[in-house]
Amino acid sequence: MRLRTKLYIPLFIKRWLPTTLFGRSLLIIILPVAVMQIAVTWAFFDAHWQSVTSKLSEGLAGDIAWAVQSYEDDPSPAAVDKLAKRAEDSMSLSIAFQKGKKLPTSHRPSLFAALDRSLQNALEDRLDNPFWFDTTRYTAYIDIRVQVKGGVLQIYALRDRAYATQGHIFILWMVVATMLLTAIAILFIRNQVRAIERLADAADAFGRGEDHDFKPHGAREVRQAAQAFMAMRARIIRHIEQRTALLASVSHDLRTPLTRLKLEMAMSEPSEQLDAMKGDLSEMEHMIDEYLAFARGEGGEAAQVVDLSELVEGVVADAERTGAAIETEITRGLEARVRPLAFRRALANLIDNGVAHARRVKVTTAERLTMGVETGGVEIAVDDDGPGIPEDRYEEAFKPFSRLDESRNQNEKGVGLGLAIARDMARGLGGDLVLARSEMGGLRASIRLPG
């Protein structure tokens, strides 16, 4: 039996982790490298640098202890001069006696406190006299002072006699190597992520019905995913074309007998029964038009940036010619990227729905606002004072052929495709169609489009 374990990551850590594939891939590479560099640096300082520095500090402390002992054996000026010359020639130490001086009371901390501690410990082990040293005043020397009888013995020693100075070079190389590896990782990861981003852009463009020039590239797995997407896109396009051709053929075939029936009715004697038959034929023709419009969608029309005020006013004017009374509140200068014919058909469907179920209908266009701030998008709203739709049935209203009436009365005009067509149009442009309660008391249908 195979057991599966799930790695648990605390929530407070997840909040700081990157959310993009690029960030996560970079973290997978950089984090182990950084941990390795820190571990190597720590091991180097602990096992090598500190050890070498301690040995050097002990050697320097021994030489200083010899110099102090030699001075105390013979503190005469001649002996001091001889001691200074011997220390300079043999141990590279510069020694001077400061008569009547005292040790300084202030001490400036060093950047590398651990190295100062090594020298401190070494001098404490070798010297019984009070001492003071400074490693920050000079770049190449260390100033060491020892309190002796009659004054202070000041000693200048080369820095590399107390510290392993090459350790800083090691740290520099570690940092440079890390930066170089990070740059190379960013370059390669960015190239791989760009291929996935282009695949996502192609899928998004296809969802909006746009023709996106896309060629598979990148890693083998990414190319396989891209080729699978292209094959799926071709199958979907072929299916839509076949469905549209089929419904177009059916529509054409049905129009022929409908036309013959209309001609026969036009030549018949007027009667109530004949008027009823003409009404049925008109309803059948309207249903066929809606079926074909739903199947056709907007795939054959290119999107373009248009002036919404002119487009909306044209749709309203067409509706008013049928006898509908429509109020308008149109903002001038609004532009959006739409498919004009599909947009006109969708907006006309929304207006027709409002006219069919209400006495007052109002069409409004405005900049889209989110939390009181303009987002750059536009919103076209159709309000009415009709009975509206219950909020729990908003999603059901978008289903094709849904009429939201219990009796499914087919004598009522429409086949339940108006909202489905309108939402498909809006989503195909990167927007959406949402329903809400209108301030007029009925339903508000809002087409929201990106700017």
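This is a tour of selections to make in the viewer, with a note on what is found at each stop.

The model is predicted, so local features are taken only where pLDDT is at least 70 and side-chain atom pairs only at pLDDT 80 or more, while totals for chains, interfaces and linings use all residues. Residues are numbered from 1 along each chain as its sequence is written, and side-chain values use heavy atoms, with hydrogens and water left out.

**Stop 1: helix H2 and a surface patch**

Select helix H2, residues 21-73. Helices here are DSSP runs of H or I with at least four residues, strands are runs of E with at least two, and both are numbered from the N terminus. Leu31 is found in H2. At 46% relative accessibility, Leu31 is partly exposed; buried means under 20% relative accessible area, exposed over 50%, and partly exposed in between (1.4 Å probe, protein chains only).

Now add Leu17, Leu27 and Val35: together with Leu31 they make a nonpolar surface patch of about 310 Å². Patches consist of residues with over 30% relative accessible area and no salt bridge, with nonpolar side chains (Val, Leu, Ile, Met, Phe, Trp, Tyr) joined within 5 Å and like charges within 9 Å. The areas come from the Shrake-Rupley method with a 1.4 Å probe, and for residues only the protein chains shown count as cover.

**Stop 2: from H2 to Arg161**

Stay on H2 and pick Asp63, then Arg161. Their side chains meet in a salt bridge, 2.3 Å from N to O. A salt bridge requires a side-chain nitrogen of Lys or Arg within 4 Å of a carboxyl oxygen of Asp or Glu, and the count by this rule is 16. Arg161 lies in the loop between E4 and H5 and Asp63 in helix H2, so the pair links parts of the chain that are 98 residues apart. Asp63 is buried, with a relative accessible area of 18%.

**Stop 3: strand E4 and its partners**

Select strand E4, residues 151-158. Six of its eight residues are buried, so E4 is largely enclosed by the rest of the structure.

Which strands pair with E4? Strand E1 (residues 93-99) does, in the antiparallel sense over seven bridges; two strands pair if DSSP finds at least two bridges between them. Ala96 has Gln154 in E4 as its bridge partner. E3 also pairs with E4 in the antiparallel sense, over eight bridges, and here Gln147 stands opposite Val152 in E4. E3 and E4 form a hairpin with two residues between them. Centre on Gly150 in that turn to see a positive phi of about 95°.

**Stop 4: two aromatic pairs**

The structure holds three aromatic pairs. Rings of Phe, Tyr and Trp (its six-membered ring) pair if their centres lie within 6.5 Å; planes under 30 degrees apart count as stacked, over 60 as edge-to-face and the rest as tilted.

Show Tyr138 and Tyr156, an edge-to-face pair with 5.8 Å centre to centre and 75° between the planes. Tyr138 is in the loop between strands E2 (131-134) and E3 (141-148), and Tyr156 is in E4, 18 residues apart. Tyr138 is partly exposed at 32% relative accessible area, and Tyr156 is partly exposed at 24%.

Next show Phe214 and Phe229, an edge-to-face pair with 6.3 Å centre to centre and 80° between the planes. Phe214 sits in the loop between helix H5 (167-207) and H6, and Phe229 in helix H6, 15 residues apart. Phe214 is buried at 8%, as is Phe229 at 9%.

**Stop 5: along helix H6**

Extend the selection to H6, residues 220-266. With 1.5 Å times one less than its 47 residues, the expected span is 69 Å; the end C-alpha atoms are 68 Å apart, which agrees. Which residues of H6 are buried? They are Val222, Ala226, Phe229, Arg233, Thr244, Ser251, Leu258 and Met265.

**Stop 6: more salt bridges**

Select Arg137 and Asp143, whose side chains meet in a salt bridge (4.0 Å, N to O). Arg137 is partly exposed at 41%, while Asp143 is buried at 0%.

Then go to Asp383 and Arg444, a salt bridge with its closest N and O atoms 2.8 Å apart. Asp383 lies in strand E9 (residues 373-384) and Arg444 in strand E11 (residues 443-449), so the pair ties together parts 61 residues apart in sequence. Asp383 is buried at 4%, and Arg444 is partly exposed at 28%.

Finish by selecting Asp134, Arg137, Asp143 and Arg145, which salt bridges with shared partners join into one network.
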